[in-house]
Amino acid sequence: MHLMLPLRFRDWQIRPSETSACTRWSQHVECDGPLTNVILPGVGAVTGCGPVQTTDDAPAAGFPVGTTVVTATSTDVAGDSLQCIRDVVVADTTPPQVTCPASMSLMADPLNCGASHTITATALDTCGGTTIADDAPALFPPGLTNVTVTATDDSGLTASCVTS
């Protein structure tokens, strides 16, 4: 003889509280531009039944350098949900590229005993902006003068070149 008991759908459903808790975790990536696209893995199934809708508050345009907290929520057809928090860490570990102008000869002004000239270097950085500084004197004295040009990116990484 078989005993038949009514079984409601929600009675056998696995609730989020009955599954493993979603622990906070970090995803580390190297920047590939001012805003970096990061593919986030899904939160996972909430229950064993029905489709699961997952949403998150990740920036649509991409992640800036630094840490961005993303909250992802999966909700099943019964309305049960599971929420996970992720730290997306975008790092800039690549220094900028700096290009010095070619060495040049300048004619000294006899009244000033030297020559004035502005050094024009270029710099590029994958992740953002750069600033360029040099140690050129306001007036170049007669003879050879080496000038060091340094590019610094938004993350504080530097690269240098020398011209004369």
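Which residues is Thr145 in contact with, leaving aside its neighbours within four places in sequence? Keep that in mind as we walk through this predicted model, and select Thr145 to begin.

**Stop 1: Thr145**

Thr145 sits in the loop between E7 and E8. Show its surroundings and, beyond the neighbours within four places in sequence, you will find Pro137, Phe140, Thr163 and Ser164 in contact with it. Is Thr145 buried or exposed? Its relative accessible area is 17%, and buried means under 20%, so Thr145 counts as buried.

**Stop 2: Asp135, in the loop between E7 and E8**

Now select Asp135, which is placed in the loop between strand E7 (130-134) and E8. Asp135 counts as partly exposed because its relative accessibility is 48%, and that class runs between 20% and 50%. Add Asn146, Val147 and Thr148 to the selection: Asp135 touches these three, once residues up to four places away in sequence are set aside. If you draw a distance between the C-alpha atoms of Asp135 and Asn146, expect 8.9 Å, for a pair 11 residues apart along the chain.

**Stop 3: the nonpolar cores**

Next, show side chains for Val98, Cys100, Ile119, Ala121, Ala123, Phe140, Val147, Val149, Ala151, Ala159 and Cys161. Together these 11 residues form the largest nonpolar core. Strand E8 (147-153) and strand E9 (158-163) are the elements that give it two or more residues, and E8 provides the largest share, three residues.

Centre the view on Ala159, one of the core residues. Not counting residues up to four places away in sequence, Ala159 touches Pro96, Val98, Val149, Thr150 and Ala151. Apart from this core lies another one, made of eight residues; Cys31, Val38, Phe63 and Cys127 are among them.

**Stop 4: the largest pocket**

Turn on a surface and select Met104, Ser105, Leu106, Phe140 and Gly143. Of the 16 residues that line the largest pocket, these lie nearest its centre. The pocket has a volume of about 270 Å³. What kinds of residue make up its lining? There are 10 nonpolar and six polar residues, and no charged ones. Phe140 may look familiar here: it belongs to the largest nonpolar core and is in contact with Thr145.

**Stop 5: Asp87**

Move on to strand E4 (residues 81-91), where you will find Asp87. With a relative accessibility of 15%, Asp87 counts as buried. Its contacts, not counting residues up to four places away in sequence, are Arg24, Trp25, Ser26, Gln27, Thr67, Thr68 and Val69.

**Stop 6: the whole chain**

Zoom out and colour by secondary structure. The protein has one helix and nine strands, and the order along the sequence is α-β-β-β-β-β-β-β-β-β. Of its 164 residues, 29% count as buried. Among contacts with a separation of 6 or more, 55% are between residues 24 or more positions apart.

**Stop 7: confidence**

Finally, colour by pLDDT. The mean for the protein is 83, and 82% of the residues reach 70 or more. Where is confidence lowest, and where is it highest? It is lowest in helix H1 (residues 9-12), with a mean of 33, and highest in E8, at 98. Over residues 1-20 pLDDT stays under 50, and the model has 21 contacts beyond four places in sequence for them. Where pLDDT is low, the predicted coordinates should not be read in detail.

Definitions and conventions: Residues numbered from 1 in each chain as written. Predicted model: local features only at pLDDT ≥ 70, side-chain atom pairs only at ≥ 80, totals over all residues. Heavy atoms only, no water. Core = buried A, V, L, I, M, F, W, Y, C linked by side-chain atoms within 4.5 Å. Buried < 20%, exposed > 50% of the residue type's maximum accessible area, 1.4 Å probe, protein only. Helix = DSSP H or I, 4+ residues; strand = E, 2+ residues; numbered from the N terminus. Contact = heavy atoms within 4.5 Å. 1 Å grid on protein atoms, 1.4 Å probe; cavity = no way out; pocket = protein on both sides within 12 Å on 5 of 7 lines; lining within 4 Å. Points joined across faces, edges and corners; volume = space filled by probe spheres on them. Nonpolar A, V, L, I, M, F, W, Y, C, P; charged D, E, K, R; others polar. pLDDT = per-residue confidence, 0-100.
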